[in-house]
Each structure stands twice: as structure tokens, then as C-alpha cells.
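Q: Please take a close look at a single part of this structure and describe how that part is built into its surroundings.

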Amino acid sequence: MKGEEMTSLERVLTTLDHREPDRVPLFLPVTMHGAKELGMSIEEYFSKAENVVEGQLRLWKKYQNDCINATFYAPIEVEAWGGEVIFSADGPPNSGRPFIRDPHQIMDLEPPRVKETPCLLKVLKAITLLKERVGDEAPIIGIAVSPFSLPVMQMGFDKYFDLMYDQPSLFQQLMKINENFCVEWANAQLEAGATAIAYFDPVSSSTISSREMYLETGFEIAKRTIARIEGPTATHMASGRCLPILDDIAQTGTAIIGTSVLEDLTHMKTVCKNKLVVLGNLNGIEMRRWTPQQAETKVKEAIEKAGPGGGFILSDNHGEIPFQVPDEVLSAISTAVRRWGRYPIAVN
Amino acid sequence: MEHLVEKLEQALLSIDRLSARRVMEEAHAGMQPMAIAEKLLVPVLERIGQGWEEGRLALSQVYMSGRISEELVDTLLPPGHAHRKKQPRLAIAVLDDYHMLGKRLVYSVLRADGFDLLDYGAVNVETLISRTKADNIQVLLISTLMLPSALRVKEVTGGLKKKGLDTKVVVGGAPFRFDEQLWQEVEADAMGRNASDAVAVINNLGGGVS
């Protein structure tokens, strides 16, 4: 197939096999930009599955993206638990005041049933419709926040640290509840037509947890959870570092690791070789003020460092492109990956 | 002093409250409470903050170190104690968000250094401006996690100027770490890259605070 045009799915599967496809795949995690395409507010856009389907299909064609993001917004999972979601005109919907206000609530906490929860059913409907339209041409990526990271939205980060250190039995109880929910949610998305699940686990990142703490907590939780998810997973640290725990992450059963812009791609690629596919790591925050020329330079640099040998997917470092990133920058990234990402890599 | 700094750092990173308290008691035998805060606790928290900056330490360790240090200082200098630092008048807030961790980290470090400061919690632009004015705040610390909130700091700095206030605004949080020009774009006076930067930033701004 070398030198021929592959479908996005073929390109990604070859990459997952740690071989060189026709070119470096591009995963642009554009979510809110669908609202711009449809000329509606972010809140209206996410209110209906059909909007997200139409938005994603337009973005897929516009940027010749190699994946479809079935993601709505991260706090949809706390919405499912009865938590508050705050919409804004120019950013991702945000989780509101945490719904676990006293750790003892954990004793009586019941996870939502996925197939009885309207906001989750809306996502499943979008995945089903996307699968009907896209077929096997491109992978459809679902998302599940890890059981270990969900409590940041469920109870607030500081209270969650306090729980971990001061009330270990309640922490374990919360993990048990969250693991069951995460598995049910991920598998429902796979059943609806998602090709793979992005397992978002920023609390496991070395930015947040020491390796010692990770091995006792996020690592064991990921191993148990990922083993029960009935499809491929990509672990994402949402801008957090992961180099010190890469060998451990590889043992959790995940296939891909999303890497931070704080880490060097050459180093990442060397450590991950034949173990994990490297996804990343364009700086989404800075991207807002890039020129198209700067975007091309950044893409070239990333491809030069991580492209050779396959096993690399070009993406951002956070897992969601900010609403403020202009279309011309996204187009420049898309054009650059086509220009410089063809195998064999020859960026100079 | 260096051996105390190392012993305290080790105790904090091991979340060993008992050992941390013993180090403080050892220091207290020959030092005044405020000197302990400034010469022992703050240098340790700065080392820990630097360790996080360099990717050697984790935020969980930074958080617990700050929390324990704050508890230790509270036993030496209870809130409102006459020796606590009252100047410059400080306040801290999270803008348009419920992600409180960054604010909590900075709050702990400043209290560990003996500062008394107002905590506005999570507030919007209008509330932040009016409370800053009402409390005659000299240095306002704003923590953000999301990019839109970080961009909205410009409305705060603009609003303060419009009201004729010369409050210094210090920003911190992920968007400012990932885009090092952003603090200037939103017209802040300074940014902190990590929680323990706050002490140095406030001391540096001190000269400009009237």
C-alpha cells in the first residue's frame, strides 16, 4: 500500500501496527467548531445528536481529518450523574459546582444507567448515525473519563486529593462505583458504532501523580477497567506528562498514548517504540495565535521527530482544540500534514 | 538551616505530618515564627514547586506539602495573629470556573509564608471587580484552568483600570503555562508558573504597590 492513498481507517490501523502507512494520520479533536459550521451557539449545537453528526461530518471533510470525534463535552458524564454543566458562548461546557459535597455521600452513590440517561443516549444516537454515514472509512472515537479522573468533576480536585490521602476506604468505594460506570459507558459507545475509546486519565499523569502513587491507584484501576472495555483504547493525559510511566501505561492494555507538549516527541517515540502509538502534541493553547506558516513549521517539526517508522498520529496535546483557534490555522495543519507527512518522511 | 530544609522537604514529600512537626519544633527552639515561615517553609515549598516545574514531582505532592505547611504555620501564627503579614492587601479568586485546585495551592503557600489574604472563591468578572474595589485590594491573584476564563482576565484588568484602581493583577494556571505570552495579552502585571512563585512575585511587585 505504500505510496497509495489509504482510507483513514486503513491509515490508522497500519499506524497501530507500528508500520508506516501512506502518510502520518491526523487526529484533529475539533468538537465546538461544529457549532461554528452550523451557525449556532455551542449550547444549541450540543442539544441534539443530529447537530453533532452534521457538524462532525462537515469538519471531517473540511480538514480531511482521519477520525470522527463522537465527543460532546467532558462534563456530559457528570451531567449523567445529576451534576451541573455550565455552557459558555466561547468555550467548552464546564462542570459546575461538584455534586459530591460530603465524602460520606459516596456510601450511597448510585451510578447512572447508561441506557436510561438522556444525555448519554444523545451521544449514543450520534455515534450510531455517524457510523451509518461513515461506515469503515474513518475511525469513530468515543470518550470515557477514567474512573480515577472522574472525581475531579464529581467532587473537585482539592477535595479529591483529601479523599485519597485521608479517607482511603471511601476512595476505594468511589473507584469501584466509577469503574462499573466507565465500563458500561465505554462499551455502550462501542456497541453503538465507536471504533475505539479515548480513555481520558489526566490524574494518572506524572504532572498530577507521582509514579509511586500511580502504581498504587491509576495504574491498577486502568488495568482492571481497560480489560473490561470491549474494544481498543487510547489513553490520554490531557496535557499532562507521562514519560516516567510509559512502560507502566503500556501494561494497562492501551494502544495509544496522548502526549504533552511539555515532553519531547523524539524521546517519547524512542521509549514508546513498538509498545504504544504516540499521539500529539501540538500546543492547542498557543495555536490560537499561530499564523498558517507557524502551523506548518510546528507540523513539520512534529513529523520530523515522531513520524519515521510509523506509530505516530499527529494531534494536539490536550484532546480538544479550543474554540478560539481560527479555521485557517486548522486548514494549514491539515495541508501541512499532507505535504510533509507522506512516507517515507522527508521534511527537508 | 540547610539540614532543616532538607528534613522538612523529605517529611512533606512523604506526607509525614509527625516528622514535619518535629522539624518545625526544632526550628522554633531558636527562631521566631515569622522567620520559620520565611526561612524554612517558603524555601522548602519553592524547592517543591521547582521540582514540579521540572517534572520531577507531582501536583499531589505539591498540594499535600502546601496543606501541611499551612497547618504548621497556623499553629505558630493563628489567623489574624498580630505578626501575620497584612501588607500588601491580597485577595485570590478563581474566575468563571469551579476548578479550585490552583487557587488552593497558592492560598496554602501564601498562608505558609505568614500572609493573611482574602479568598473570593469562584466569581465572575463583575463580582471580582466590585469586591476588589470594596476591599481596597493591592494585589489580586487570579487562577484559571480554562482558556476562555484566562482570556476574560482582560475584562478584569480593563474594569479595574476604568474604576481608577491601581491593583496589581497576578495570573496563574494552565493556559498561562501553555502560552507564555498570554499574561501580557490580558494585561496582567505578572504571572506565576507554579504556586510557590506567588511569594516571589508578590515581593517583586511590592515596590510598585502603593
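**Strand S3 of chain B and the sheet around it**

A: B:Ala93 stands opposite B:Ile142, a residue of strand S3 of chain B. The model is a predicted one, and the account below takes this strand as its centre.

The pairing of B:Ala93 with B:Ile142 belongs to a longer register: strands S1 and S3 of chain B run parallel to each other and are joined over five bridges. On its other side, strand S3 (residues 139-143) of chain B is paired, again in the parallel sense and over five bridges, with strand S4 (residues 168-172) of chain B. Two of the partners on that side can be named: B:Leu141 is bridged to B:Val170 in S4(B), and B:Ser143 is bridged to B:Gly172 in S4(B). In general, the strands of a sheet pair through backbone hydrogen bonds, in either a parallel or an antiparallel arrangement.

The connection from S3(B) to S4(B) is made through helix H7 (residues 147-162) of chain B, and this β-α-β crossover is right-handed.

These pairings are part of an open sheet of five strands in chain B, with the order S2-S1-S3-S4-S5 and parallel pairing. Its edges are formed by strand S2 (115-123) and strand S5 (190-192) of chain B, each of which pairs on one side only. From one strand to the next, the twist averages 25°.

Next comes the environment of the strand above and below the sheet. Both faces of S3(B) are covered. On one side B:Val139, B:Leu141 and B:Ser143 are buried, and on the other B:Leu140 and B:Ile142 are buried as well. Buried here denotes a relative accessible area under 20%. Because five of the five residues of S3(B) are buried, the strand is largely enclosed by the rest of the structure.

One element that meets the strand is helix H6 (residues 125-134) of chain B, which lies across S3 and also across strand S1 (85-95) and S2 of chain B. The direction of helix H6 is at about 155° to S2(B).

Taken together, S3(B) has S1 and S4 as its neighbours in the strand order, pairs with S1(B) over five bridges and with S4(B) over five bridges, and is covered on both faces.

Methods: Residues are numbered from 1 along each chain as its sequence is written. Chains are lettered from A and ligands numbered from 1 in the order in which they are written. This is a predicted model: local features need pLDDT of at least 70, side-chain atom pairs count only at pLDDT 80 or more; totals for chains, interfaces and linings use all residues. Side-chain values use heavy atoms; hydrogens and water are left out. Two strands pair if DSSP finds at least two bridges between them. Helices (H or I, at least four residues) and strands (E, at least two) are DSSP runs, numbered from the N terminus. Axes are lines fitted to C-alpha atoms, for helices over the stretch in contact, and angles run from 0 to 180 degrees between N-to-C directions. Contact means heavy atoms within 4.5 Å. Buried means under 20% relative accessible area, exposed over 50%, partly exposed in between (1.4 Å probe, protein chains only). A crossover is right-handed if, with the strands pointing away from the viewer, the path from the first strand over the helix to the second runs clockwise.
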